[in-house]
Amino acid sequence: MILIDDPDDERLAPFRLNERGLTNRAQRRDDGGDGLFMAEGDLVVDRALAAGCVPTMALVDAQRPPALTERMRVLCPVYAGGERLRAAVTKLGMPYTVVALFQRPARVPADELAIACRRLVIAEAVDNPVNIGSIVRNALGLGWDGLIVDATSADPLARRALRVSMGHALHLPHARTTDVPALVRALTLQGVVVCALTPAADAVPLDSIRHAPRMALLVGSERSGLTPAAMDAATHRVSIPMRAGVDSLNVAAVTAVACWQLRP
């Protein structure tokens, strides 16, 4: 470990980068794998390593380095500092015992992922990384195979999304598309049953949907919902019956309920 006592040490500059500094818009849209992502906490770092991601540097607690420190030392530079230094560098009030920067892994194109999945979640305009992280955890935990997000949705490898997913975003295959309606139309032509979640009064109840060999769940923005084009392309417009006076659930909660109901 390389001990550091100055939070302004230039060697720690990459840990101070914001999301755009770690990965710009073009890099997030690149399937080839470009830019960096930050893993926070020993569990998330361990899952990043298990997924085969390549670390570039790490920052650990100098007094209580986590057990995976020795593994990290042979892979990348490992810096160590006290709690105040790590809090100042990472902007976290309660800093984790380890944070690490990794190269972003390559991902398969959206059309290839869609073909490979029996159960697929598609997110349109879900721009909150907390919701995306929760959707990832729900989908993987309930046996779904993949996630496709549109160009306006949050990055599954963003810091908050990765924290909320407990690192599972590195184990649930995900892809990005620029045209959700076209993707949904292509899926329906392949025989995939696509269920668009909406609180609309004319939607059919979720528990009335019959299971099919291949299914997809389409969820949208909590503010405006799915676009008409995406909704029209789906097989079914589906709702979760709610108590009178309550319009809908949070999109992450909706995904959990629907993924359980339509689980393989």
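Here are a few notes on one helix and two pockets in this structure, which is a predicted model.

1. Start with helix H3, which spans residues 42-50. Its buried residues are Val44, Val45, Ala48 and Leu49. They sit on the same side of H3, because the arc they cover around the axis is only 140 degrees.

2. What packs over that buried set? The cover includes three strands, S2 (36-40), S3 (55-61) and S5 (98-103), along with helices H4 (69-73) and H8 (159-164).

3. Just a look at the end of the helix: glycine 52 follows H3, and its phi is positive, near 85 degrees.

4. On to the pockets. The largest pocket comes out at a volume of about 390 Å³. It is lined by 21 residues, and those closest to its centre are Leu197, Thr198, Pro199, Ser248 and Val254. If you're thinking about its chemistry, the lining splits into eleven nonpolar, eight polar and two charged residues.

5. The second largest pocket holds about 330 Å³ of space. Its lining has 14 residues, with Arg20, Arg25, Arg28, Ser153 and Asp155 the closest to the centre. Helix H1 (19-22) and helix H2 (25-28) are the elements that each give two or more residues to this lining.

6. How many charged residues line the second largest pocket? There are eight, next to three nonpolar and three polar ones. For the largest pocket, the charged count is two, with eleven nonpolar residues in the lining.

Definitions and conventions: Residues are numbered from 1 along each chain as its sequence is written. This is a predicted model: local features need pLDDT of at least 70, side-chain atom pairs count only at pLDDT 80 or more; totals for chains, interfaces and linings use all residues. Side-chain values use heavy atoms; hydrogens and water are left out. Buried means under 20% relative accessible area, exposed over 50%, partly exposed in between (1.4 Å probe, protein chains only). Helices (H or I, at least four residues) and strands (E, at least two) are DSSP runs, numbered from the N terminus. The arc is that of the directions from the helix axis to the C-beta atoms. Contact means heavy atoms within 4.5 Å. On a 1 Å grid over the protein atoms alone, a cavity is a set of points where a 1.4 Å probe fits but cannot get out, and a pocket is an open set with protein on both sides within 12 Å along at least five of seven lines; lining residues have an atom within 4 Å of a point. Grid points are joined across faces, edges and corners, and a volume is the space filled by probe spheres set on the points. Ala, Val, Leu, Ile, Met, Phe, Trp, Tyr, Cys and Pro count as nonpolar, Asp, Glu, Lys and Arg as charged, and the others, Gly among them, as polar.
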